[in-house]
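The following explanation proceeds from helix geometry and packing to the surface. It is best read alongside the displayed coordinates.

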Amino acid sequence: MSAPSLYAFSALVLLWHLWRGWRLGPARLAISIGAIAAAWAGAWFGGAAAASLLRPFLAGYPEAVVFLAGRLAAGFATWLAVVILGAVLFKRTEHQSVGFVRLLYGLTGMIGGLAYGLVLLWLFFI
């Protein structure tokens, strides 16, 4: 992959996360980042329990596949629960009533989105 295409990819990722941070606002952005951490913990600690629930449905598959499916299911369920809870509890930027608060909410969301995008790019390039 050439350097200009990597720069273009990086710019698109950063612009996407800036826009997403503006739309979500700081609270929902923090919840979505926390949801990733919670999903990891849910997969790590709840994977065995979920695998035992999925074992009858995946009877012909090796134990490693059943355990991986259990971890994926537990992680996804945890992520989905946290994201839905954040959507219920916190407003988006566009739902803020006062103009200055909306601007401040959007700008702080953009800063958080930029940080999140930079971390993702850093992890991608490592």
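Two residues are in contact when heavy atoms of theirs lie within 4.5 Å. The model discussed here is predicted.

With that criterion, His 17 is a convenient starting point. His 17 is located in helix 1 and counts as buried because its relative accessibility is 8%, the limit for burial being under 20%. Leaving aside residues up to four places away in sequence, His 17 touches Gly 113, Tyr 116, Gly 117 and Leu 120.

Three of these partners, Gly 113, Tyr 116 and Gly 117, recur among the buried residues of helix 3, which also include Tyr 105, Gly 106, Gly 109 and Leu 121. Helix 1 is part of what covers the buried residues of helix 3. Helix 3 comprises 27 residues, 99-125, and should therefore span 39 Å at 1.5 Å a residue; its end C-alpha atoms are 38 Å apart, in agreement with that expectation.

Helix 2, residues 63-89, also has 27 residues, so its expected span at 1.5 Å a residue is 39 Å, and its end C-alpha atoms are indeed 39 Å apart. Its buried residues are Val 66, Gly 70, Ala 74, Gly 75 and Gly 86, and their cover includes helix 1, residues 3-54.

Helix 2 also contributes to the surface. A nonpolar patch there consists of Ile 36, Phe 76, Trp 79, Leu 80, Ile 84, Leu 85, Val 88, Leu 89 and Phe 90, with about 860 Å² of accessible area together. Helix 2 gives the most to this patch, with seven residues. Ile 84, placed in helix 2, is partly exposed, because its relative accessible area is 48%.

Conventions. Residues are numbered from 1 along each chain as its sequence is written. This is a predicted model: local features need pLDDT of at least 70, side-chain atom pairs count only at pLDDT 80 or more; totals for chains, interfaces and linings use all residues. Side-chain values use heavy atoms; hydrogens and water are left out. Helices (H or I, at least four residues) and strands (E, at least two) are DSSP runs, numbered from the N terminus. The expected span of a helix is 1.5 Å times one less than its number of residues. Buried means under 20% relative accessible area, exposed over 50%, partly exposed in between (1.4 Å probe, protein chains only). Patches are made of residues with over 30% relative accessible area and no salt bridge: like charges are joined within 9 Å, nonpolar side chains (Val, Leu, Ile, Met, Phe, Trp, Tyr) within 5 Å. Accessible areas come from the Shrake-Rupley method with a 1.4 Å probe; for residues, only the protein chains shown count as cover. A salt bridge is a side-chain nitrogen of Lys or Arg within 4 Å of a carboxyl oxygen of Asp or Glu.
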